[in-house]
Amino acid sequence: MTGTAPVPFTADDYKARMDRAARQAADAGLAGLLVAPGPDLVWLTGYAPPAVTERLTLLVLAAGREPVLVVPTLEAPDAEKATGAPALALRDWTDGKDPYALTAALLDAQGRFGVSDNAWALHLLGLQTTLPGTSYVSLTEALPMLRAVKDAAELERLAAAGAAADAAFEEIRNVRFSGRRESEVAADLAALLRRFGHSQVDFTIVASGPNGANPHHEAGDRRIERGDMVVLDFGGLRDGYGSDTSRTVHVGEPTEEERRVHCLVREAQEAGFRAVRPGAACQDVDRAARAVIADAGYGEYFIHRTGHGIGVTTHEPPYMIEGEEQPLVPGMCFSVEPGVYLPGRFGVRIEDIVTVTEDGGRRLNDTERGMVTVD
């Protein structure tokens, strides 16, 4: 299963995104945005440089001005081929010239700018030296919701990525676990994600037995044994948009306690999902899931936030965590993934990607959430 190719984004789509970003920057009191190579640049322009190097590449956005992409001359031909290129102006610079002087001419010398989180300190310091009157704030701090609300085409891609991850789980539950190393099962998962259309695999967590009590355990050489609970958490990018799902399986028949904890996490995940609706705060999702686990006496063993946004990256705002009062808006997509982690024994996590609809939420993962036994 690779599915049908999605409808491609157009130059008009990228223009609309750049215009919206510039308006949001102005509304936030910023003189503009400076976007370095990375997911923000891809989302705004469709351009990913062939290699991220010490040479400056920077998108300059400001309300009421034409977007400008500053690029090294040797990479200009690639930039010109980007889908969003017709909606912006290119300014190239050659080796031996000062790219910061070129960029400075595009900026308000006393302005405060939002800067993409992955911009190199080398470039930011170069701009500060050239324009000492400027100041900067990270894009996540200034405009955390910039990419949070997805349009219909983005939702279609996220749904396809979720379906591909589900297909991978349906296959992996039929392979042998007992006697194999975690790393071998992780390799199977990665191969399945690629078979079902993923171009990039970001993570394949296979955490067996006591390793399951570490939420971000990296699959290692431990041999999976009968009687193990095994946390599976995997995802990546399909057609440029992310998948991320977790299921916890058991090798052979579980104990009564293992069943009880698994059922508890399933109930917490359901409570978190039912809290999703327009106007609810992000923290409401966390509170709903956490209350179920706390009321059962396992609160100290739920040691992470309930969820994170997903889009062109597998982790991005918004975050489902206490203190985050950002209201949910139709089109937002994020994980709902409570867990219980008992040190030295086992862990359980169940995770779906959920999108906010006009009257509630919709899951983008739909594999079995009850206890699944494997061989």
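D286 and R290 sit together in helix α10 (residues 282-295), 4 residues apart, or about one turn of the helix. Helices here are DSSP runs of H or I with at least four residues, strands are runs of E with at least two, and both are numbered from the N terminus. An α-helix has 3.6 residues a turn, so residues three or four places apart point the same way. D286 and R290 make a salt bridge, with their closest N and O atoms 2.8 Å apart. The term salt bridge stands for a side-chain nitrogen of Lys or Arg within 4 Å of a carboxyl oxygen of Asp or Glu.

A word on the ground rules. This is a predicted model, so local features need pLDDT of at least 70 and side-chain atom pairs count only at pLDDT 80 or more, while totals for chains, interfaces and linings use all residues. Residues are numbered from 1 along each chain as its sequence is written, and side-chain values use heavy atoms, with hydrogens and water left out.

**Salt bridges**

By the salt-bridge rule, the count comes to 22. Three of the pairs, including the one in α10, are set out here.

| Pair | Closest N to O |
|---|---|
| R17 and E154 | 3.8 Å |
| E170 and R173 | 3.5 Å |
| D286 and R290 | 2.8 Å |

The R17 and E154 pair ties together distant parts of the chain: R17 belongs to helix α1 (residues 11-27) and E154 to helix α7 (residues 152-172), 137 residues apart. Both R17 and E154 are buried. For accessibility, buried means under 20% relative accessible area, exposed means over 50%, and partly exposed is in between, with a 1.4 Å probe and protein chains only. E170 counts as partly exposed because its relative accessible area is 36%, and R173 is partly exposed at 28%. Back in α10, D286 is buried at 2% relative accessibility, whereas R290 is partly exposed at 25%. There is also a salt-bridge network, which links R247, E270, R274, D352, R363, D366 and R369.

**The six-stranded sheet**

An open sheet of 6 strands runs in the order β4-β3-β2-β1-β5-β6, with mixed pairing. Its edge strands, β4 (89-93) and β6 (135-138), each pair on one side only. On average, neighbouring strands of this sheet are turned by 25° against each other, direction ignored. Pairing requires at least two bridges found by DSSP between two strands; the angles are taken from 0 to 180 degrees between N-to-C directions of lines fitted to C-alpha atoms.

How is β3 placed between its partners? On one side, β2 (residues 58-61) and β3 (residues 68-72) run antiparallel and are joined by 3 bridges. L59 has L69 as its bridge partner in β3, and L58 stands opposite V70. The two strands form a hairpin with 6 residues between them, and G64 in the turn has a positive phi of about 80°. β3 is also joined to β4 by 5 bridges, and these two strands run parallel. Here V70 stands opposite R91 in β4.

β3 is largely enclosed by the rest of the structure, because 5 of its 5 residues are buried. Both of its faces are covered: V68, V70 and P72 are buried on one side, as are L69 and V71 on the other.

**Helix α9**

Helix α9 (residues 256-274) has 19 residues and reaches 27 Å from first C-alpha to last, close to the 27 Å expected at 1.5 Å a residue. That expected span is 1.5 Å times one less than the number of residues. Among the buried residues of α9 are V261, L264, V265 and F273, along with E258 and H262.

**Backbone oddities and a surface patch**

Most residues other than glycine have a negative phi, and most peptide bonds are trans. D239, in the loop between β8 and β9 (241-242), has a positive phi near 50°. Its relative accessible area of 33% makes D239 partly exposed. P317 and P318 are joined by a cis peptide bond, with omega about 5°, and P318 lies in strand β12 (residues 316-320).

Which residues make the nonpolar surface patch of about 290 Å²? V52, W120 and L122 do. Patch members have over 30% relative accessible area and no salt bridge; nonpolar side chains (Val, Leu, Ile, Met, Phe, Trp, Tyr) are joined within 5 Å, like charges within 9 Å. Areas come from the Shrake-Rupley method with a 1.4 Å probe; for residues, only the protein chains shown count as cover. L122 lies in helix α5 (residues 121-130) and is partly exposed at 47% relative accessibility.
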